[in-house]
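Thanks for coming. I have one structure today, and I will talk through some side-chain pairs and then one helix.

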Amino acid sequence: MDFLQESQIQVIGIAVAVAAIGAGAAYLYLSKKPKGCLDPENFREFKLVDRKQLSHNVAKFRFGLPTPTSVLGLPIGQHISCRGKDAVGEEVIKPYTPITLDSDVGYFELVIKMYPQGRMSHHFRELRVGDYLSVKGPKGRFKYQPGQVRAFGMLAGGSGITPMFQVARAILENPNDATKVHLIYANVAYDDILVKEELDGLATNYPNRFKVYYVLNQPPENWEGGVGFVSKEMIQAHCPAPASDIQILRCGPPPMNKAMGAHLDDLGYSKEMQFQF
């Protein structure tokens with residue numbers, strides 16, 4: 001009898017030990033973040049695996065990462081530096097924000113608006129599937145932790161939507177983040193609106209947490225959004241009011257950023273409540 005009791009105790013002890021080891025291994029696996037593919041000091045090469053033309057001067061570029069489970073490793077709200085050559089063969093480096101997150105494994109995507117005289121635009125125009133892009137990062141001053149504010153207001157113009165989209169998507173797709181996002185997105189014409197399908201998808205999927213208000217300088221007929229330039233009245237109507245637990249982010253062409261800064265100052269938003277990408 002003593003032998004049987006001793007054997008049972010040993011079996012139970014071994015089972016508990018195995019369970020503890022298994023639980024510990026599972027915790028380490030789940031809590032360990034995959035190492036990113038970026039290098040802040042040196043450029044790395046990433047292969048273009050797909051290119052989708054979205055309009056006459058806008059395309060979505062998908063670049064493959066080393067393995068199907070690799071992540072880029074870019075903190076929310078930060079950007080990368082891309083290196084290329086302009087029309088005369090001179091090196092050019094410009095910052096871009098991917099529209100993908102680290103939940104998108106094996107690749108990252110850039111939505112690029114290519115301007116006729118843009119030096120880096122020339123490089124992207126010439127990129128073909130199979131070519132490589134030199135990338136370095138992460139870069140940027142913005143740091144985000146879930147719940148650091150109650151709500152964000154976002155003022156974006158043109159390609160300045162990319163950091164806003166990245167931040168909004170990260171917030172909304174995190175089930176533990178209750179932050180609300182209010183976006184005003186300004187462009188010249190309807191065809192200039194970038195990632196509109198994705199933004200409308202966020203508005204549909206998260207109706208209580210994400211609102212987007214489009215503003216066009218040259219709107220089509222029967223346009224229901226804003227018209228002209230973003231005004232103080234639009235900010236009052238579509239962004240959270242000044243408070244210690246909100247922040248207004250802005251990213252757009254320099255004249256727009258300057259005008260939005262003046263509007264925010266006039267409306268009583270302190271410097272601590274404002275951030276410019």
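I will start with how the model was treated, then go to the salt bridges, then to helix 6.

This is a predicted model, with local features needing pLDDT of at least 70 and side-chain atom pairs counting only at pLDDT 80 or more, while totals for chains, interfaces and linings use all residues. Residues are numbered from 1 along each chain as its sequence is written, and side-chain values use heavy atoms, with hydrogens and water left out.

Salt bridges, then. The term means a side-chain nitrogen of Lys or Arg within 4 Å of a carboxyl oxygen of Asp or Glu. The structure holds 11 of them.

One pairs Lys60 with Glu198, at 3.6 Å from N to O. Lys60 sits in strand 2 (residues 58–64) and Glu198 in helix 4 (residues 196–205), so this bridge ties together parts 138 residues apart in sequence. Helices here are DSSP runs of H or I with at least four residues, strands are runs of E with at least two, and both are numbered from the N terminus. On burial, the cut-offs are under 20% relative accessible area for buried, over 50% for exposed, and partly exposed in between, using a 1.4 Å probe and protein chains only. Lys60 is buried at 17%, and Glu198 is partly exposed at 27%.

Helix 4 also has a bridge between Asp200 and Lys196, at 2.7 Å from N to O. These two are four residues apart in the helix, about one helical turn. In general, an α-helix has 3.6 residues a turn, so residues three or four places apart point the same way. Asp200 is partly exposed, at 25%.

Another bridge joins Asp265 and Lys271, with the closest N and O atoms 3.2 Å apart. Asp265 is partly exposed at 37%, whereas Lys271 is exposed at 56%. Separately, Asp86, Glu90 and Arg119 are linked in a network of salt bridges.

Now helix 6. Which of its residues are buried? They are Met256, Asn257, Met260, Gly261, His263 and Leu264. Seen down the helix axis, the buried residues fall within an arc of 165 degrees, taken over the directions from the axis to the C-beta atoms, so they line one face. The face turned away carries the exposed residues Pro254, Pro255, Lys258 and Asp266. The cover over the buried residues includes strand 7 (151–157), strand 8 (180–187) and helix 5 (232–238), in contact terms of heavy atoms within 4.5 Å. Just after helix 6, Gly268 takes a positive phi of about 95 degrees.
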